[in-house]
Amino acid sequence: MLAIIQAAGWPIYTIIFASIVALAIIIERLVSLRRSQVLPDRLLALTVQELKQSGVTTDMLSRLQANSPLGRVLAAGLKNVKSSREIMKESIEESGRAVAHDLERFLTTLGTIATAAPLLGLLGTVIGMIEIFGSQSPSGSANPAVLAHGISVALYNTALGIIVAVPALVFYRHFRSSVDSFIVEMEQQAIKLVEVIHGERG
């Protein structure tokens, strides 16, 4: 591996740095965007049951907010349980925007890496080509060592740039799709809560 890095020249270090950042983001998002972490099963049903039994309490709101992103959205609605349906929905939507922002954390960076990695590889390719042309002597002959190094720089950087970009793009698309799905389901569950409170649903 060290031999490949040495053969690829200094441009490879930018790609390696991008790969480390991408890997850290992917691992963090895989842990944070688990369904059980974002949308715990039966949280809405348990919340409605507690609401009917003892009403809205400070302890209940604190537990919901600490529970999950869905809990935060439901707690925002319950804080305005005595207000009109419109005010409840506004508070839920406001909380939902904040939750969505948290769920999308680091995804812009991952998408940027997916886009930039091939360009960093292309930069290495250009630098390698410059070295190849620089190996030409006035007589037209080329220095074999410089020529070989230039080719290595060009090929390794191109390949590694693509190797980093492909999984970064795949995970970026996967996380975006998961977040969009979570947000839609949270909205649906929050609306159910509002309907229960205002007697439109049993």
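Visitor: Which residues of helix H5 are exposed?
Guide: The model is predicted, so local features need pLDDT of at least 70 and side-chain atom pairs count only at pLDDT 80 or more, while totals for chains, interfaces and linings use all residues. Residues are numbered from 1 along each chain as its sequence is written, and side-chain values use heavy atoms, with hydrogens and water left out. Buried means under 20% relative accessible area, exposed over 50% and partly exposed in between, with a 1.4 Å probe and protein chains only. On the other side of H5 from its buried residues, the exposed ones are Thr58 and Ala66.

Visitor: How wide is the arc that the buried residues of H5 cover?
Guide: Helices are DSSP runs of H or I with at least four residues, strands are runs of E with at least two, and both are numbered from the N terminus. In H5, which spans residues 58-67, Met60, Leu61 and Leu64 are buried. They lie on the same side of H5, because the arc, taken from the directions from the helix axis to the C-beta atoms, is only 95 degrees.

Visitor: Against which helices do these buried residues pack?
Guide: Contact here means heavy atoms within 4.5 Å. By that rule, the buried residues of H5 pack against helix H4 (43-54) and helix H6 (69-78).

Visitor: How many residues apart in sequence are the parts that Arg72 and Asp102 tie together?
Guide: A salt bridge is a side-chain nitrogen of Lys or Arg within 4 Å of a carboxyl oxygen of Asp or Glu, and Arg72 forms one with Asp102, their closest N and O atoms being 2.9 Å apart. Arg72 lies in helix H6 and Asp102 in helix H7 (residues 85-103), so the parts that the pair ties together are separated in sequence by 30 residues.

Visitor: Which residue in helix H9 forms a salt bridge with Glu104?
Guide: Glu104 sits in the loop between H7 and helix H8 (107-134), and its partner is 72 residues away in the chain. That partner also meets Asp180 in a salt bridge (3.6 Å, N to O), and is four residues from Asp180, about one helical turn. With closest N and O atoms 3.6 Å apart, the residue that pairs with Glu104 is Arg176.

Visitor: Is Phe175 buried or exposed?
Guide: Phe175 and Phe171 are four residues apart in helix H9 (residues 144-197), separated by about one helical turn. Phe171 counts as partly exposed at 28% relative accessibility. Phe175, however, has a relative accessible area of 2%, and is therefore buried.
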